[in-house]
Amino acid sequence: MVTVFGSCNMDLVAYVATPPRRGETVHGRAFSTVPGGKGANQAIAAARAAANTRFLGAVGDDGFGSRIRAELGDSGVDTAGLRTVEGHSGTAHIVVDDDGGNSIIVVGGANDTVDRLHDGDAEAIADSDCLLLQLETPLRGASEAAEVAARNGVRVILTPAPAEPVPESLLSNVDLLVPNEHEAAVLTGESDPERALPALLESVPEVVVTLGDQGVFYGNRAGERVRMPAFSVRAVDTTAAGDTFVGVLAAALARGTDITRALRRGSAAAALSIQRKGASGSMPVEDDIHEFLER
Ligand code: ADP
């Protein structure tokens, strides 16, 4: 069982040739609304990759909330631990440019109530193989979740995004840290991943730095290192590449797959997802991943 504790948003996505500068208005090419947020994305990626997956978090009592709940459910995610609270659901205002790059404004909304464990969360976490955490919800909630997981021998995987310093009290309960290059640099002050990795291993036993189209760099305290190039594909929209990677990585690890094969499955899923527009909507299912790797 993969349990994701964290954020869910409605992504409001505008596609433009070139994003506007301050004071400028530009015409977009297209618009879509898609459930997202790092937590929900990771849960959807894991569930589509055939892992038993549950999501613990909160939506608002608005139209976005019911749609987020329904789409998580449609992807096979157990939403019994998804609370509905008064007020707005989280939103993410995303601008995707013609090169497939993106910029994002996140407004927390209901996610701000995910600031502690609520009824049933501790039991759900204790009954898991992996716990996935991110930093889009208040740190205190994530820290409590990590503590319960650590006490119960559940593997804790943290995506330290958005990039910000992570307190030692949380890091000390993390088993596997998965920053992208930028997040690794913010955590260590080292822009070179080769140097950031050993610095991160002082705080956590295992690290995967994701390097965009350069692939991934894994290391652990036992001295093992794996450098895996990315699959060569044409990127249309890289939104949620990292969430797809980590959700599918966790799905594989939860069923006992070794780290090298799990990294390969995560990379394949991310490569598949970025070839189509959209975040959660473009994530592959188990058969797609299998077929891609068998080519
Ligand atoms: P994030 O989305 O968190 O910024 P990255 O950009 O590092 O994370 O992407 C996560 C993973 O997605 C990469 O490690 C890689 O496996 C895959 N990926 C991202 N961009 C590309 C690309 N252009 N081509 C192939 N794979 C990619």
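How many helices and strands does the chain have? Show the whole chain as a cartoon to find out: there are ten helices and 13 strands. Keep in mind that this is a predicted model.

**Whole chain.** Stay with the full view for a moment. Along the principal axes, the C-alpha atoms fill a box of roughly 50 × 45 × 40 Å. The radius of gyration is 18 Å, which agrees with the value near 19 Å for a compact globule of 295 residues. Of these 295 residues, 49% are buried. Among contacts with a separation of 6 or more, 67% join residues 24 or more positions apart.

**The annotated site.** Next, select D237, T239, S273, R276, G278 and S282. An unreviewed UniProt entry gives these positions the feature "binding site". They span 46 residues in sequence, yet no two of their C-alpha atoms are more than 10.0 Å apart, so they gather at one spot.

**S273.** Now select S273, which is in helix α9, residues 259-273. Is S273 buried or exposed? S273 is buried, because 31 other C-beta atoms lie within 10 Å, and 20 are enough to count as buried. Beyond its neighbours within four places in sequence, S273 is in contact with A240, A241, T244, S282, M283 and P284. One of these, S282, also belongs to the UniProt "binding site".

**G278.** Move on to G278, in the loop between α9 and α10 (286-294). G278 has 18 C-beta neighbours inside 10 Å, so it counts as partly exposed. Setting aside neighbours within four places in sequence, select S32, V34 and D237 to see the contacts of G278. Of those, D237 is another position listed in the UniProt feature.

Note on methods: Residues numbered from 1 in each chain as written. Predicted model: local features only at pLDDT ≥ 70, side-chain atom pairs only at ≥ 80, totals over all residues. UniProt positions renumbered as here; feature names shortened; annotations may be inferred. Helix = DSSP H or I, 4+ residues; strand = E, 2+ residues; numbered from the N terminus. Buried ≥ 20, exposed ≤ 12 C-beta atoms within 10 Å, placed from the backbone. Contact = placed C-beta atoms within 7 Å. Rg over C-alpha atoms; globule rule 2.2 N^0.38 Å.
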